[in-house]
Structure formats: C-alpha cells, structure tokens
Number of protein chains: 2
Amino acid sequence: MSNSGLPDPVVRAAPIPRDRCGMALACEMLGDRWTMLVIREAFYGVTRFDDLRTDLGAPRGILSARLKALVAAGVLERHPYREGKARVRHEYRLTRRGQELALPLIALMEWGDRHLQDAPSPLQIYSKASGAPLRVALVTPEGQAVPREDVTYAVAEDTIISAKAPLPRLA
Amino acid sequence: MSNSGLPDPVVRAAPIPRDRCGMALACEMLGDRWTMLVIREAFYGVTRFDDLRTDLGAPRGILSARLKALVAAGVLERHPYREGKARVRHEYRLTRRGQELALPLIALMEWGDRHLQDAPSPLQIYSKASGAPLRVALVTPEGQAVPREDVTYAVAEDTIISAKAPLPRLA
DNA sequence: TATCTGGGTTCGTATGTCAAACTCAGGCTT
DNA sequence: AAGCCTGAGTTTGACATACGAACCCAGATA
C-alpha cells in the first residue's frame, strides 16, 4: 500500500488513544444502527417524532432514546412549536453542532453513491452562485483542493503512543 | 433555520428513499458499535486480528463477524503474509474502496476534534508539497472551496418522494 | 362524553453482545 | 516424538439491547 519501496512497518496499535482521537469519539457517539439515520432525517428537514418514526421504521422506544441522547450531545435541539390551534408540541432541529455534521455526511453520501449503489446520486450538491456541482475534498487554508498523493499526516508529539506510522494511502 | 423570511415548510419525510440514498446506505453499513472503529484502525495501519482485538477491546466473535462483513463489502481485503519462518497468516487491509472512506472519516475527525474534545487535534493532515495544513471542504470541479452560504442542493426529479425541501442550512 | 392525534412509556420476547473457554494449525523445544 | 506456544479464530452460555404491540396521557375536536 505505501509507495516507498520499503516493506511496510507493521503497526501493532493506533498511534492515538481512543479517548483523545476525535475520529474515535465521533465514531463512538454515532456508531449504532439508528443515530446517523436520525441525523440524516434531520438534514432532510424531518423534525417530528412520528414523522421520524414512520420514515425510519424504528421502534418508538429506541427513537425516543436516540433523540434524548442527541439532544444531550448538543446535536439536536428539542423545541416547542404550535400548529394552528393545536396544543404545543416539540420538534427536533439540528443545532449548529449538528449542522456541522453536514460535511462528514455528504462525504459519506459520495462514498455510498459511488460504492453502494449503481445509479447516479439522486442528490446533487451545488453552488448557489455559479450552479457548479460541488464535491468534498481536502483543501489548503486558502481553499485550494490538493490531490490525494499530496496528502499526508503527522501525530502531535506529546500524544504519540507508538512511533510514526504512515497511513496506507489517503484516498 | 432557513434564511428566507418565509416559515419553513414542514417536511414530513425524506425526499429520497433509503435504498437509493448513498448516505443512508453508508450509514446502514457502517452503523454499529465497532465497524467504523475497525476501519479507523485499518487507517492507522493495524492489520492483524489480535492487534485489532487488543487495541479495540472488542470480543473476538464480534470482531471476526465485522471483519467478515467488511471483507464481503469490499472495504477490507484478507490476504496472506509470512513473518520470518512463521506459518502463513492473514492480515486485513483496506481496499481502494476502503481507502476512499478516508474523506468521510477525516471529516468526522474534524467534527469530533471540534466538538467532542477540548484539546487540539493530535493528528494533523497536511500537504506533502507545501506543508500547509489541510481541512475538508466542498469544492467546485476546479478545486476551489466555496463558503457554506453558497451551498445548496437539489433532488433528481425522477427520484423525488416529497417535493423540494431546502436543507436547514449546510454547515 | 367519547374520540382522535402526537408523542411518548411499558412489557415480554427475540436478537445481539460479551467474556471465557475451547479449537486448530504450524513452529519451536526438549 | 511429546509437549508447549502463538495467532487466529469458533463455540457457549449469561447478559443486555432491540423489537413490536399494547398501553398511557394531554389537549383538541365532535
């Protein structure tokens, strides 16, 4: 996988402890059957308990628990609304923190569209101003995308567990 | 959430069926306690069953099942290696398909580092050529990042379930 | 007063997860 | 050759979680 001619050094453990790795923390908090699907619904603008339930097909108890957890995590906000003269109800909306999951989720969508599906993506992300289609990429601070081959990484010295270990190859 | 002056139209269901939505498909395949953590280990270069097991703390049976599923999904590849004169063993490596999960996972890492942790990220992604730190963004086909406010989306007409529904706001 | 609706909670069962024990193959030791 | 070690699993039985159905409750409505 690596492109040096040397044999890959064998990595026996992750270089970063799980409780200090944002990736691991995110994976742990989103890692179950329903949580990410709930957030997807939220992005599509579905906010009400019963709509979520029918759309997802999740059991009420589970949905209730996941919503509670997401509110507790600051991803969703439960807030009241009134439709006509109906009594006050509550809807679940993305907080700013939740909205910032858009990028990971869009990246996941691109991956899923490419690898888990034959049809082209039914959802196009594009620029309001220019109409150009958009994709997810790694960019410099100035906002210029760089090609895969130019990407590498380093572990901050004070958190290293095992010595430097090159990622197999960044996609 | 929307920035038009109009009240948000109430969305009662996702505009795209789950079995045609790359995001939903990806969420379903990665959505459990261990799968994403296994892929994270793979990115860090941990490839052997027992290393994965000790690093993750997952029960053997579960790890075995997840690895099988990931191999079946074409994310990992089980292939033989020989260390010294030891007998042939097998290691699990990311396929190209697996490598392409780097972007979603890095985006997730950025999110996790920002919201689930106080310390700065222990892992820096940067450009080999310029040394500039890199971040995940939405870019035009030419590779120019666009600001959040310029991002919108549309559902392909032949797959729409409910009518057009604006994302609350893209982060 | 009875009924409907959205938004839950409760409950018994089915399924999944867990840790420990067992297996198995090949190499190493004695 | 007999026994031990190691990596890579499978099996097992206790335990936890998910599941769907039924129930609950508040307020509006008939």
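Guide: Two residues are in contact if their C-beta atoms, placed from the backbone, lie within 7 Å. By that rule, 87 residues of chain A are in contact with 87 residues of chain B. This is a predicted model: local features need pLDDT of at least 70, side-chain atom pairs count only at pLDDT 80 or more, and totals for chains, interfaces and linings use all residues. Residues are numbered from 1 along each chain as its sequence is written, while chains are lettered from A and ligands numbered from 1 in the order in which they are written.

Visitor: Which helix gives the most to the side of chain A that touches chain B?

Guide: Helix α6 of chain A, residues 102–115, does, with 12 residues. Helices (H or I, at least four residues) and strands (E, at least two) are DSSP runs, numbered from the N terminus. By class, that side of chain A has 55 nonpolar, 15 polar and 17 charged residues. Ala, Val, Leu, Ile, Met, Phe, Trp, Tyr, Cys and Pro count as nonpolar, Asp, Glu, Lys and Arg as charged, and the others, Gly among them, as polar.

Visitor: What relation do chains A and B have, and how do you know?

Guide: Chain A can be laid on chain B by a turn of 180° and a shift of 0.0 Å along the axis, with an RMSD of 0.1 Å. That is the relation of a two-fold axis. The fit is by least squares on the C-alpha atoms of residues with pLDDT of at least 70 in both copies. The same surface serves both copies, as 100% of the contact residues of chain A recur in chain B.

Visitor: Which residue of chain A comes closest to the rotation axis?

Guide: A:Asp32, with its C-alpha at 2.0 Å.

Visitor: Why is helix α1 of chain A called largely enclosed?

Guide: A residue is buried if 20 or more other C-beta atoms lie within 10 Å of its own, exposed if 12 or fewer, and partly exposed in between. In α1(A), residues 22–30, 7 of the 9 residues are buried, so the rest of the structure largely encloses the helix. Among them are A:Met23, A:Leu25 and A:Cys27. The buried residues of α1(A) pack against α2 of chain A, and also against α2 (35–44) and α6 (102–115) of chain B.

Visitor: What makes the buried residues of α3(A) line one face?

Guide: They are A:Leu52, A:Asp55 and A:Leu56. Seen down the helix axis, they fall within an arc of 85°, so they line one face of α3(A). The arc is that of the directions from the helix axis to the C-beta atoms. These residues pack against α2 (35–44) and α4 of chain A. Just after α3(A), A:Gly57 has a positive phi of about 75°.

Visitor: How do you know that strand β4 of chain A pairs with β4(B)?

Guide: Two strands pair if DSSP finds at least two bridges between them. Here 5 bridges join β4 of chain A, residues 135–139, to β4(B), and the strands run antiparallel. A:Ala137 stands opposite B:Ala137, and A:Arg135 has B:Val139 as its bridge partner. In β4 of chain B, 4 of the 5 residues are buried, so the strand is largely enclosed by the rest of the structure.

Visitor: What makes a residue count as near DNA strand C, and which come nearest?

Guide: Its C-beta atom, placed from the backbone, must lie within 6 Å of the strand. Of the 18 residues around DNA strand C, A:Arg48, A:Arg60, A:Ser64, B:Pro59 and B:Arg87 come nearest. This surface divides into 5 nonpolar, 4 polar and 9 charged residues.

Visitor: Which residues come nearest to DNA strand D?

Guide: A:Pro59, A:Arg87, B:Arg60, B:Gly61 and B:Ser64, of the 18 around that strand. Two or more residues come from each of α4 of chain A and α3 (49–56), α4 and β2 (89–94) of chain B.
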